[in-house]
Amino acid sequence: MAEPDVPADATVAEPGAPADAPADANVAEPGAEIFRLTDLEVHFPIRGGAIDQIFRRVRGVVRAVDGIDLTLRRGEVLALVGESGSGKTTTGRVIVKLTRQTGGRVDFDGRDVSDLWSTKQLKGYRRRVQLIFQDPYETLNPKQTIHDFVAEPLEVNGIGTAQEREARVVRALEDAGLRPASDFLLRFPHELSGGQRQRVVIAGALVMDPEVIVADEPVSMLDVSIRTELLRLMLDLREERGLTYLFITHDLSLAWVIADRIAVMYLGKIMEIGPAERVIRSPRNPYTQALVSVSPAPDPPTAGSRAKRTILAGETPDAAHIPSGCRFHPRCPSAFDRCSVEEPPLFDVGGGQQAACWLAEPDVADGGRALPMASAASGPA
Amino acid sequence: MTFPPIPGSKQPDITPPDVEPEEFTEDGEVIEEIEGQALAEATLEALPDRPAGRRQWALPKQADPNAPLLVVENLRTHFSLASGTVKAVDGVSFQLNHGEALGIAGESGCGKTTTALSLVRILPSNAQIVDGSIKLMGIDLVQKTETQLKRYRWREISIVFQGAMNALNPVQRVRDQIAEPITERLGESPKAARKRAGDLLELVGIPRKRGRAYPHELSGGMRQRAMIAMALACDPAVVIGDEPTTALDVMVQAQILELLEALRHKLGLSLILITHDLSVIAETCDRVMVMYAGRIAEEGSVQEVFRRPRHPYTQKLLSAFPNIHADRRTLEVIPGSPPDLRNPPPGCRFAPRCASAMAVCSEVVPEERTYDGVRVACHLYGPDSDGTPVTTPPPNAIGVTTTEVS
């Protein structure tokens, strides 16, 4: 279970597309730190019903985000990947200040913003950090014109004169690829296609001229051909406006294409983080390894390649009942004694990659390869 | 393990009337701990292999035993709207052989789901099959009345829908929902039907006693497994999966696809898998049919079509998918959007978006021609072509060796 081999003929399905791949994260110079999450925790209490509500009784805790450390650097695309219930969306919501963390700290541009909650304080913050939701059909108000939707944040924040606002709306729409903007200003969402709607949503985020965009599954409702256009648009905007993205997705293949760095979450923890190239090509956490192995590719398997898939049994347990030790150990194909007792921290495995797995622990790991179960089972410390 | 029952035989010795099925044991002594994949694997292991095409049911009376399993010819399904007629499926022909898995791919609105719904005639009321035939073992289903079709739905063709939460009845136990077609269509006693429902649940990896759960008590993956169990209730020859894994997490998707594949080989099923995700088809199907705007763009073996896509649409579509097992690359953009099917372009429907479009493309509907077992409808492959395009596509188009013609 070390590096998954890449079939030699893996490029066959790439019919002549120029391989001008996005620059490697190591090549793209990492900018200054813009966000830092330190030991971030979001726990939701479970209350049984009205009586519990009244007496403030708590029946349990859903540990949606359970202590993560994460930094976001200016100008990068960081993909936060995980299955449903991994806490990726909650993390994004904390960053845009829609969900209150229950522990830990959030720093933005060198300032502690953990306790920034009043509307007044958030005004300035929200200009700089914007969110794009998944579903363009739900995000847009069916009774609001495109102009009103895009102009609303400007009006709410009292930015500029009426004339300046108009200019900004037009510019945002055109930047989002809706050209000429005048064709769209007075239309209603139902008159637009799915791809155009998502462009409107992006324009709504751009109009504030933000520095950071948290995009929560921005393309998963869209068809493949439209999806590509939007991803390209987002990457182009990064170049033109120097945007930083936190790209939340369940699709590791998508992260592979657009992200500089990938963080893989499982049950509220980061299991592995590092440059995309390293996380996908040489994943060190068995969970990442399994995810990579089952991610389908548009390339029919040749004889024997099928065996390389690691299909984990069962499903992600719910976040109210997180297993002891390493939270992945009940499903882990390489788990040993220690895993059920002690939770591994993120170990540095070189090249900017970190993995939360005892097999990646510097003393245990041997030459960068995960040890087979037997020799690694040294028992709990 | 009593699955599968011998069809048509309703002797009491198959389900001993005195033995309560396990699901009724209170505080169960023998509660199976395993579930999901492991249970499905163990259950499948215990079954005898069934060769592809082995009949579970007596052939329908008019069936031709030598006819291919399913032949669809020139199918046209149109929707009538106030604003006009939508030609959702407009001249689609294909064949499905015994034990084969056929993937139908395309983007929203390409007619792939309408094609599937036409096969069992469960179309919305404003849709109509206006032309063509759907021959199941030589019997044309288009000509059948609603009542006559009952013989074929469930027993010959069944469907697994995408949203298991919407497709299952929320106020009925999962087991009873699976038992319903067994009592209705096969005339089994309720008890025998419940027993078989339990067998089916185990087959798809749900412990028998979980059959007492209501749909909301099951996880998304388990619900999709229950949907598959239901599709198998009457032991059909063809199972259609309409985006069966689209809403699922990647790991659960892998589990469900693995299950479908195991079932197909073990039960000798034929499978039609409808999905927008070409990656899923690449990993599970034998043949792929790419649809665009109600017509077939390209159809052939998965190996051939994915490795050497001929139709410009297939080429673009394939390069719009990220491949995690290959190098990072920029994804292709297909400019424009699919045509309005109330008033589709007169020639090739992909012509307005095609980088290799020629004058002829916007006027003449391309004929389907077959090269190396791949059917392709594109003017790049003319009547005398050997399967290589007859014109030089622009440099950014993807193509194999080309010959210059005007």
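This short talk walks through a predicted model with chains A and B, beginning with confidence and ending with the contact between the chains.

A few conventions before we start. Residues are numbered from 1 along each chain as its sequence is written, while chains are lettered from A and ligands numbered from 1 in the order in which they are written. Since this is a predicted model, local features need pLDDT of at least 70 and side-chain atom pairs count only at pLDDT 80 or more, although totals for chains, interfaces and linings use all residues.

Let me begin with confidence, where pLDDT is the predictor's confidence in each residue, from 0 to 100. Chain A has a mean pLDDT of 84, and 86% of its residues reach 70 or more. Over residues 1-28 of chain A, however, the pLDDT is below 50, and this stretch has 65 contacts in the model beyond near neighbours in sequence; by contact I mean that the C-beta atoms of two residues, placed from the backbone, lie within 7 Å. Residues 367-381 of chain A also stay under 50 in pLDDT, and for them the model has 26 contacts beyond four places in sequence. Where pLDDT is low, the predicted coordinates should not be read in detail.

Now to a sheet in chain A. When I speak of helices (H or I, at least four residues) and strands (E, at least two), I mean DSSP runs, numbered from the N terminus, and two strands pair if DSSP finds at least two bridges between them. Four strands of chain A form an open sheet with antiparallel pairing, in the order S2-S1-S4-S5. Which strands stand at the edges? They are strand S2 (60-73) and strand S5 (111-112) of chain A, and because each has a single partner strand, one side of each is left without a neighbour in the sheet. Further in, strand S1 (residues 33-46) of chain A pairs with S4(A) over five bridges, in the antiparallel sense.

One residue lets us look at that pairing closely, namely A:Asp107, which is placed in strand S4 (residues 103-108) of chain A. Opposite A:Asp107 stands A:Arg36. Not counting residues up to four places away in sequence, A:Asp107 touches A:Phe35, A:Arg36, A:Asp112 and A:Val113. A:Phe35 is 72 residues from A:Asp107 in sequence, yet their C-alpha atoms are 5.6 Å apart in space.

Is A:Asp107 buried, partly exposed or exposed? A residue is buried if 20 or more other C-beta atoms, placed from the backbone, lie within 10 Å of its own, exposed if 12 or fewer, and partly exposed in between. A:Asp107 counts as partly exposed because it has 16 C-beta neighbours inside 10 Å.

Let us turn to two helices of chain A. The expected span of a helix is 1.5 Å times one less than its number of residues. Helix H7 (residues 194-206) of chain A has 13 residues and should therefore span 18 Å, which agrees with its end C-alpha atoms being 18 Å apart. H7(A) is mostly covered, with eleven of its 13 residues buried, among them A:Val200, A:Val201, A:Ile202 and A:Leu206, but also A:Arg197 and A:Arg199. The partners against which the buried residues of H7(A) pack include helix H5 (146-156), helix H6 (162-175) and strand S7 (212-216) of chain A.

H6(A) has 14 residues and should span 20 Å, and its end C-alpha atoms are indeed 20 Å apart. Its buried residues are A:Arg168, A:Val169, A:Val170, A:Ala172, A:Leu173 and A:Asp175, and they pack against H5, H7 and H8 of chain A. H6(A) is followed by A:Gly177, whose phi is positive, near 90 degrees.

In chain B, there are eleven helices and twelve strands, and buried residues make up 50% of its 406 residues. An automatic or database domain assignment gives domain 1 (36-285) and domain 2 (310-406) of chain B, whose C-alpha centres lie 32 Å apart. Their contact takes ten residues from domain 1 and seven residues from domain 2, and S2(B) supplies the largest share of the domain 1 side, five residues.

Finally, how many residues does each chain give to the contact between chains A and B? The contact takes 47 residues from chain A and 46 residues from chain B. On the chain A side, helix H8 (224-241), helix H9 (252-258) and helix H11 (286-294) each give two or more residues, and the largest share, six residues, comes from H8(A).
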